[in-house]
Amino acid sequence: MIDGRATPEGTARFAGRFRAAPSHFRQAPDGPTLSSIGLGTYLGEENDDTDRGFEESIGVALGLGVNVLDTAVNYRGQRSERAVGRAVAGAIARGAGARDEIFVATKGGFLPYDSQDPRAPDAQVQETFFDTGILSAPDLAAGCHAIAPQFLGEMIELSRRNLGLATIDLYYLHNPETQLQAVSRPAFAGRLRRAIEVLEKAVQEGRIGAWGVATWDALRVPATHPAHLSLAEIAAAARDVAGEGNHFAAVQAPVNLAMPQAIAFPSQASRGRTVPLAAAASDFGLALFASASILQGRLVEADLPPQIDELFADVPAGARRALQLPRSAAGVTSALVGVSNPAHARETFALSRIAPADPAAVAALFF
């Protein structure tokens, strides 16, 4: 395993090597300097060609001043994590980046299978998690999700092995709201607290650097929604477990033109008012990573409203113009985009040379 983790000093060094546009690099609340765009690894076939595409695209991204890489243990049957690990190791070996310059995030919560294991996925899950006692039936939600302590600890170790990294910079609970399909809110609160205990212990042991919560609907829907999660309650649980020095550092949620709720809809209680997720994250000192920034490519092909074309007129049409909105929104630390084609990576990550738009102008699109 490669020792070390992304550090404020290392990431600042990375940023200093590039003639990036102003505000392309921004400092996360917990210290590291991160690119305003990150490479995600969610979509793609479970095959060698897609692996190579991600690895080459990561090399392109690092060469264009992008140091944020995002994955999950269940993406592409664990192949995405392995591709990220090989790409990071290759970049370090080539001198294209040092371990303390590259920020790697992954996630755990959904039961993963190994696409390179000859056993059927259902058999893998049964034999790996249930036959061994790592999970029992009551731990499971929606037939696919768990945050039980032993399972979560095993997932952290599996991700470390897949990535080949001694320390994962940011480890997310992946869609923990899925648990609300199986248990009451008081029971969920207990499960969340026990999961936080595992995460804080993993930080103390140097297996992860910090932790967060990656969601789809939960943080951007109203409090009356059955999947709603309260950022204030998660932060309070973190303080209960580990005090003010806890390592709850980030949230992830969709932000794009078709799904602007995280920056435009008041869904979170903070400082005596109800505000959008992005504002609440800033209040709580959390980084916000925007997922689905171009809605899995659908916004690239769509006719964008004339207001978008006018506001982002200095950005070429296509992925970069769609990506410019979440990248420019107030409170967003980094906007993630999935790229497994090196040619697309060169085009997309050239956005690092164009400054983000005025956050106030972005906000005016919705208010």
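Helices H6 (residues 185-204) and H7 (residues 231-242) pack with their axes 9 Å apart and at an angle of about 55 degrees; helices here are DSSP runs of H or I with at least four residues, numbered from the N terminus. Axes are lines fitted to C-alpha atoms, for helices over the stretch in contact, and angles run from 0 to 180 degrees between N-to-C directions. H6 is therefore oblique to H7, the term left for angles that are not under 35 degrees (roughly parallel), over 145 (roughly antiparallel) or 65 to 115 (roughly perpendicular). The crossing of H6 and H7 is right-handed, that is, the near helix is turned clockwise from the far one by less than a right angle.

This is a predicted model, in which local features need pLDDT of at least 70 and side-chain atom pairs count only at pLDDT 80 or more, while totals for chains, interfaces and linings use all residues. Residues are numbered from 1 along each chain as its sequence is written, and side-chain values use heavy atoms, with hydrogens and water left out.

A second helix pair makes a useful companion. The axes of H3 (residues 79-94) and H5 (residues 149-163) come within 7 Å and cross at roughly 45 degrees, which makes H3 oblique to H5. On the H3 side, the contact (heavy atoms within 4.5 Å) is made by Glu81, Arg82, Val84 and Gly85, and on the H5 side by Leu158, Ser159, Asn162 and Leu163. These residues divide into 3 nonpolar, 3 polar and 2 charged, where Ala, Val, Leu, Ile, Met, Phe, Trp, Tyr, Cys and Pro count as nonpolar, Asp, Glu, Lys and Arg as charged, and the others, Gly among them, as polar.

Turning to the interior, the largest nonpolar core has 95 residues, and Phe151, Ile208 and Trp211 are among those with the most contacts inside it. Such a core is a set of buried Ala, Val, Leu, Ile, Met, Phe, Trp, Tyr and Cys residues joined through side-chain atoms within 4.5 Å, buried meaning under 20% relative accessible area with a 1.4 Å probe, protein chains only. Helix H6 gives this core its largest share, 8 residues. Apart from it lies another core, of 15 residues, including Ala28, Val68, Ala105 and Tyr172. Tyr172 is also one of the residues in contact with valine 251, alongside Val213, Leu277 and Phe289.

Finally, aspartate 283 lies in helix H9 (residues 277-283). Beyond residues up to four places away in sequence, aspartate 283 touches Ser270, Arg271 and Arg273.

Note on methods. Buried means under 20% relative accessible area, exposed over 50%, partly exposed in between (1.4 Å probe, protein chains only). Helices (H or I, at least four residues) and strands (E, at least two) are DSSP runs, numbered from the N terminus.
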